[in-house]
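Work through the exercises below with the sequence and the model open. Each task is followed by a solution in steps.

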Amino acid sequence: MKRQPASINGAVLVLAALMVGGCVQKAATTPPYFGSTETIDQLVPEINSNVEPLPTLWAKGDFTADVVDHDHHTKVSGTAYLMHARPQQMLFIGKADVLGEVFRMGCGPDKYWVTVRGDTDTCWWGTYAYLDRVDERSIPVRPDLVEAVLGLDAIDPVLNRPPCPVMRFNNDQRAYMIVWSEQLPDRWVAQKEIWYDLDTKLPRLVNLFDVNGRVVLSAYLSDHKPVDMGTTSTQPSDAPKVATNYQLFFPDSGSWLRLHLTDLRLSSKGHPNAQNFAFDPDTAGVKHIINLDGSAH
């Protein structure tokens with residue numbers, strides 16, 4: 001999965017910029033913590049209590065992205081709409097004031113897709129049946145990975161069921177660090193790593209790995225805010241919280257996405273619904289349609 005040196009240098013600069021506003025800065029402003037900590041079986045129910053009341057999420061905000069397809073950059077920005085539903089379904093739509101919809105990505109029960117308009121005018125899509133055979137470099141942004149870093153999925157309380165979570169504590173970052181591992185035929189590999197804040201138990205950093213331990217997506221999460229649950233009985237202080245600032249970076253393609261959410265709701269006008277997460281490539285409405293399953297055979 002090596003890229004050309006120029007792409008690597010650009011990727012490093014973007015990652016460094018993301019780190020300035022992320023967890024690295026916390027060490028410089030907050031003293032290390034050496035007090036008592038919780039065990040993983042104490043921590044997991046606390047984490048899950050924040051996301052379990054959210055079977056769905058509808059959010060609005062703004063975004064900026066650089067979508068890179070084999071060194072061709074498409075920079076887009078505008079209004080962002082995010083929808084999520086269990087299990088692991090997501091739709092992200094980016095609209096520009098004048099151009100209308102410029103970016104769309106999603107993952108449903110059996111398919112995932114990314115559509116970039118403008119001069120790129122391309123839709124990449126595939127099915128989960130062949131996902132493990134798809135080259136990371138053949139798609140600029142993996143929607144299923146984006147869904148995985150939103151911080152909206154609960155942790156399996158059965159801690160010895162693969163992928164198995166292993167926890168360690170980072171004193172300098174004041175964070176619980178959980179790494180999920182899965183067994184391959186010849187070895188165990190790390191699948192993902194999430195840093196949870198010592199005080200809030202909310203996710204701050206998510207790293208997703210390939211089978212060789214390379215980061216395929218790094219995401220910084222911050223400024224968590226309560227979700228409008230649509231009921232008068234739920235006070236904002238009791239409502240589950242979701243990050244409103246996301247900084248995502250895909251090292252293999254060099255693509256990045258910054259997302260700022262200002263409106264968080266359980267649902268809005270009947271959305272999300274099952275139709276939001278359905279996909280038909282014949283309705284993509286772009287010039288180029290790339291079926292990633294074809295290259296995975």
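**Exercise 1: A salt bridge at R117**

R117 counts as partly exposed because its relative accessibility is 23%, where buried means under 20% relative accessible area, exposed over 50% and partly exposed in between (1.4 Å probe, protein chains only). The model is a predicted one, in which local features need pLDDT of at least 70 and side-chain atom pairs count only at pLDDT 80 or more, while totals for chains, interfaces and linings use all residues. Residues are numbered from 1 along each chain as its sequence is written, and side-chain values use heavy atoms, with hydrogens and water left out.

Task: Which side chain meets R117 in a salt bridge, 4.0 Å from N to O?

Solution.
- Step 1. Apply the rule: a side-chain nitrogen of Lys or Arg within 4 Å of a carboxyl oxygen of Asp or Glu. The count by this rule comes to 15 salt bridges.
- Step 2. The partner of R117 is E101, at 4.0 Å from N to O.
- Step 3. E101 lies in strand β4 (residues 100-107) and R117 in the loop between β5 (111-116) and β6 (122-127), so the pair ties together parts 16 residues apart in sequence. Strands (E, at least two residues) and helices (H or I, at least four) are DSSP runs, numbered from the N terminus.
- Step 4. A network of salt bridges links E101, R104 and R117.

**Exercise 2: Two further pairs**

Task: Is D252, at 4% relative accessibility, buried or exposed? Locate its salt bridge with R214 in the chain.

Solution.
- Step 1. D252 counts as buried because its relative accessibility is 4%; R214, at 37%, counts as partly exposed.
- Step 2. The side chains of D252 and R214 meet at 2.6 Å, N to O.
- Step 3. This pair links distant parts of the chain, 38 residues apart: D252 is in the loop between β12 (241-249) and β13 (256-265), and R214 in the loop between β10 (203-209) and β11 (215-226).
- Step 4. Another pair is D144 and R142, whose closest N and O atoms are 2.7 Å apart. Both D144 and R142 are buried.

**Exercise 3: The nonpolar core**

Task: Which residues have the most contacts inside the largest nonpolar core?

Solution.
- Step 1. Such a core is a set of buried Ala, Val, Leu, Ile, Met, Phe, Trp, Tyr and Cys residues joined through side-chain atoms within 4.5 Å.
- Step 2. The largest has 59 residues, and F63, F92, F103, M105 and Y246 have the most contacts inside it. Strand β1 (residues 56-69) gives the largest share, five residues.
- Step 3. Leaving out residues up to four places away in sequence, F92 touches F63, A80, Y81, L82, F103, R104, M105, L257 and L259, a contact being heavy atoms within 4.5 Å.

**Exercise 4: Cavities**

Task: How do the residues lining the second largest cavity divide into nonpolar, polar and charged?

Solution.
- Step 1. On a 1 Å grid over the protein atoms alone, a cavity is a set of points where a 1.4 Å probe fits but cannot get out; lining residues have an atom within 4 Å of a point. Grid points are joined across faces, edges and corners, and a volume is the space filled by probe spheres set on the points.
- Step 2. The second largest cavity has a volume of about 50 Å³. Its lining includes F92, M105 and Y246.
- Step 3. Ala, Val, Leu, Ile, Met, Phe, Trp, Tyr, Cys and Pro count as nonpolar, Asp, Glu, Lys and Arg as charged, and the others, Gly among them, as polar. The lining divides into 10 nonpolar, no polar and no charged residues.
- Step 4. For the largest cavity, of about 60 Å³, the lining has five nonpolar, one polar and three charged residues, including R142 and D252.

Conventions
On a 1 Å grid over the protein atoms alone, a cavity is a set of points where a 1.4 Å probe fits but cannot get out, and a pocket is an open set with protein on both sides within 12 Å along at least five of seven lines; lining residues have an atom within 4 Å of a point.
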